[in-house]
Amino acid sequence: MSGYELLAPALAECGRERFTGELRIAGSPGGTVHFRDGLVVAVESPGAPGPEALLLRSGRVSGEQWTELVRESGGSRWPATGLVAHGYAGAAQLRVVCVMALHDAAFAIAAGRADDCERAPVAELFAQVAVGESPTRLLREAARRLAALAALPRPVHPDRERPVPANGGAAGPHGALRGELLAHADGRRTSRDLAFRTGRGVYTATVEVARMLAEGVLECPAEPLPIPVLHTPPDGQGVHPRTPERPAEPLLPPSPPIPAALPRRKPGGFFRLRNGIPK
Amino acid sequence: MDHKALALEMRSLREQVTGITDTAVAAADGLLIAADTADSIDPEGLAALAAAGLGLARRTAQATARGTLRRTVTYGSHGCAAFYAVGDTALMVVLGDEGMDVDDLHRVTQPTLRRIDSILTEKAAEGV
């Protein structure tokens, strides 16, 4: 079933029962919704870049800085305090990024396929926003985004179309987002892949790809790009273990035999030399 | 060797697991057989790195009594690179972005590895 069909009753139920823990949604892309007292405090999905990916991919924080922040915070998955303390992001800015990522991940789950969901209590709750989002509002926003995408002249799915620039990408001047999407749309990447590559929300990237397809700036190749088989093993019959043509020769010359015991020191030599004792 | 079947397996894996960006299959000595990689990746170099990485990991597992090597995964801030042995004679590389669920990848990869192994060795097994 569609992600939204499964997500809607499950989220509403968790909200009603003031659930605390994780709601794991199996599917493609699927994901995990984290609840505290019936409010959503984080949503993670392979279908949408989380706040960490957004910060790192946008270049706001470097990989080394992130590693340092995680170490400073004692291994925290989301070192929010350190990000603000080091001036990498303002507190309000960080909150906006987190709320946007939360809605984006909910949209990705809702737009995808969902097979099943299960609740799991957790020892340590993962939260990216201090004040949780109500499940009803989260669902309403996901439904609005799905409807807005479907209403576009050339709707696309975040995980389906793999566009390439039309006319060799020689279309006129573009804004920053379009420029980035054009640079990375190589016929291999979906809107979701482009969102991760460019550090943008998956909804933002999908809508822009849909518009660019409608305007003829991007196009979808009729056939997926072929995968070249570059090398066929020498006999053309598949790979198999190498059999040496002749017995392998030892690389090193045979070492001298190791004596069974250390040579005994001859009495008198060095002591006599140093102390001048006559023979 | 059935080139079409090999390409199909590689494409199917990319479509099954969200977040896979590139895949490659190489002989165990690092000679590239097939690559489904973006232009930014040098597949020949990647195959050689994977062969060296798997060899090193296998020796590390042996030297530290960790048992049979299952896979090696390199995690970076922009994703990960997983190297799998395909039987005794080949290897597979899977690159994924930071959204890829690595546990899901390991689960889905197992039947694919078995099928790729039989594609690569099928003629040799027939003794043609």
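Which residues have the most contacts inside the largest nonpolar core? In this predicted model, select L102(A), A106(A) and V209(A), which have the most contacts inside that core of 57 residues. Next, colour helix α5 of chain A, residues 91–111, since twelve residues of the core, its largest share, come from this helix. Both domain 1 (3–146) and domain 2 (164–219) of chain A give residues to the core, so the core lies between them.

Stay with L102(A) and show its surroundings: leaving aside residues up to four places away in sequence, L102(A) touches V40(A), A42(A) and V43(A), as well as Q128(A), V129(A) and E133(A). Another core, of 34 residues, lies apart from the one just visited, and M10(B), A24(B), A27(B) and A47(B) are among its residues.

Now colour the two domains of chain A separately, 3–146 and 164–219 in the domain assignment; their centres, taken over C-alpha atoms, are 25 Å apart. Where they meet, domain 1 of chain A contributes twelve residues and domain 2 of chain A contributes eight residues. On the domain 1 side, α2 and α5 of chain A each supply at least two residues, and α5(A) gives the most, with four residues. That side of domain 1 divides into seven nonpolar, two polar and three charged residues.

Finally, turn to the place where chain A touches chain B, a contact that takes 27 residues from chain A and 34 residues from chain B. On the chain A side, select α2 (51–57), α3 (63–72) and α8 (191–198), the elements that give two or more residues to it; by class, this side has 15 nonpolar, eight polar and four charged residues.

Conventions
Residues are numbered from 1 along each chain as its sequence is written. Chains are lettered from A and ligands numbered from 1 in the order in which they are written. This is a predicted model: local features need pLDDT of at least 70, side-chain atom pairs count only at pLDDT 80 or more; totals for chains, interfaces and linings use all residues. A nonpolar core is a set of buried Ala, Val, Leu, Ile, Met, Phe, Trp, Tyr and Cys residues joined through C-beta atoms within 7 Å. A residue is buried if 20 or more other C-beta atoms lie within 10 Å of its own, exposed if 12 or fewer, and partly exposed in between; C-beta atoms are placed from the backbone. Domain bounds come from an automatic or database domain assignment. Two residues are in contact if their C-beta atoms, placed from the backbone, lie within 7 Å. Ala, Val, Leu, Ile, Met, Phe, Trp, Tyr, Cys and Pro count as nonpolar, Asp, Glu, Lys and Arg as charged, and the others, Gly among them, as polar.
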